[in-house]
Amino acid sequence: MTDHSEIDSVTGRATTGHEWDGIKELNTPLPRWWVITFYLTIVWAIGYWIVYPAWPLISSNTTGLFGYSSRADVAVELANLDKIRGDKMVALGAASLADIEKDPALLALARAKGKTVFGDNCAPCHGSGAAGAKGYPNLNDDDWLWGGTLDQIMQTIQFGARSGHAKTHEGQMLAFGKDGVLKPDEIVTVANYVRALSGLPTRKGYDAAKGEKIFAENCVACHGDGGKGNQEMGAPNLTDKIWLYGSDEATLIETISQGRAGVMPAWEGRLDPATIKAMAVYVHSLGGGK
């Protein structure tokens, strides 16, 4: 390999002087316009770093000479929207839930506002269409843990479930296996009994009488006779084939063994009263409200 610049005798073009196996490396400079553009982009980037927010810091970021922020723009737009809605939102906050449902204008405002707030705050758990997910209730059906009337929905939104708020819904399913209340074989038996309540197939050789006895001694206090549920305690109806965590035997055994105690946050203090009313109206209008 040679290492000196030269002019190729065949093409007449400059080379770097590098040659491998008869292949010569051409020395073709970049077009001047390309080089100038490249340096301009560097200058532009430095200017952007100085003028606009750019560099992340430990707990914030550089703000730039202009102090521009797209978040601030959004905040201004939302503030302007609140001014436009101001009087209407005041009226919404002053009206009772029953009056909102009777007033077409207030009802339309509540549903529109509630849908937006739901998307921002509730959709991560309940889904954008409120269809729920494993451990998060479907709000479109008529199966409610804590009640589906407008007042009950608003109470749940306000104070949450097991949220720590003084007025929150309280109710927790015991861990019958973890706490040693039931033996493994008893848990399997009562899990199959619960499946039978919904008309689901059971394990071969399952003892229905024993399952009913275990259920009566340990589960009826919350779920009621026949497993119809108790909204005062947030105990679900076990007969309607609507399952929060799943109805397969393995999931039921896990639920009975480990218990369930999901938490819904209290939105009082996070959202203003008028917004909470709007969200309650929206959830109630999804189709499952009573």
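Helices here are DSSP runs of H or I with at least four residues, strands are runs of E with at least two, and both are numbered from the N terminus. The model is a predicted one, where local features need pLDDT of at least 70, side-chain atom pairs count only at pLDDT 80 or more, and totals for chains, interfaces and linings use all residues. Residues are numbered from 1 along each chain as its sequence is written, and side-chain values use heavy atoms, leaving out hydrogens and water.

**Exercise 1. Work out which elements the protein has and how far it spreads.**

Step 1: count the elements, and you get 11 helices and three strands.
Step 2: read them from the N terminus, which gives β-β-β-α-α-α-α-α-α-α-α-α-α-α.
Step 3: check the spread. The radius of gyration is 33 Å, while a compact globule of 290 residues would come out near 19 Å. That radius is taken over C-alpha atoms, and the globule rule is 2.2 Å times the number of residues to the power 0.38.
Step 4: along the principal axes, the C-alpha trace spans about 100 × 60 × 35 Å.

**Exercise 2. Describe how strand 2 and strand 3 pair.**

Step 1: strand 2 (residues 14-20) and strand 3 (residues 23-26) run antiparallel, joined by three bridges; pairing takes at least two bridges found by DSSP.
Step 2: tryptophan 20 sits opposite isoleucine 23 of strand 3.
Step 3: look at the turn. The hairpin has two residues between its strands, and aspartate 21 takes a positive phi near 50 degrees.

**Exercise 3. Place the UniProt annotations on the model.**

Step 1: the unreviewed UniProt entry puts a "transmembrane region" at residues 33-51. UniProt positions follow the numbering used here, feature names are shortened, and annotations may be inferred rather than shown by experiment.
Step 2: residues 33-51 are 100% helix and 0% strand, with end C-alpha atoms 26 Å apart.
Step 3: the same kind of record, also unreviewed, lists "domain: Cytochrome c" at residues 109-198 and 206-287. Residues 109-198 are 46% helix and 0% strand, and residues 206-287 are 45% helix and 0% strand.
Step 4: a UniProt "binding site" annotation (unreviewed entry) covers Cys122, Cys125, His126 and Met264. These residues span 143 positions in sequence, yet no two of their C-alpha atoms are more than 10.9 Å apart, so they gather at one spot.
Step 5: cysteine 122 is in the loop between helix 4 and helix 5 (123-126).

**Exercise 4. Characterise how helix 4 packs on helix 11.**

Step 1: the axes of helix 4 (residues 104-121) and helix 11 (residues 273-284) come within 7 Å and cross at roughly 95 degrees. Axes are lines fitted to C-alpha atoms, for helices over the stretch in contact, and angles run from 0 to 180 degrees between N-to-C directions.
Step 2: helix 4 and helix 11 are therefore roughly perpendicular; that label covers 65 to 115 degrees, with under 35 roughly parallel, over 145 roughly antiparallel and the rest oblique.
Step 3: pick out contacts (heavy atoms within 4.5 Å). Helix 4 residues in the contact include Leu107, Ala110 and Phe118, and those of helix 11 include Met279 and Tyr282.
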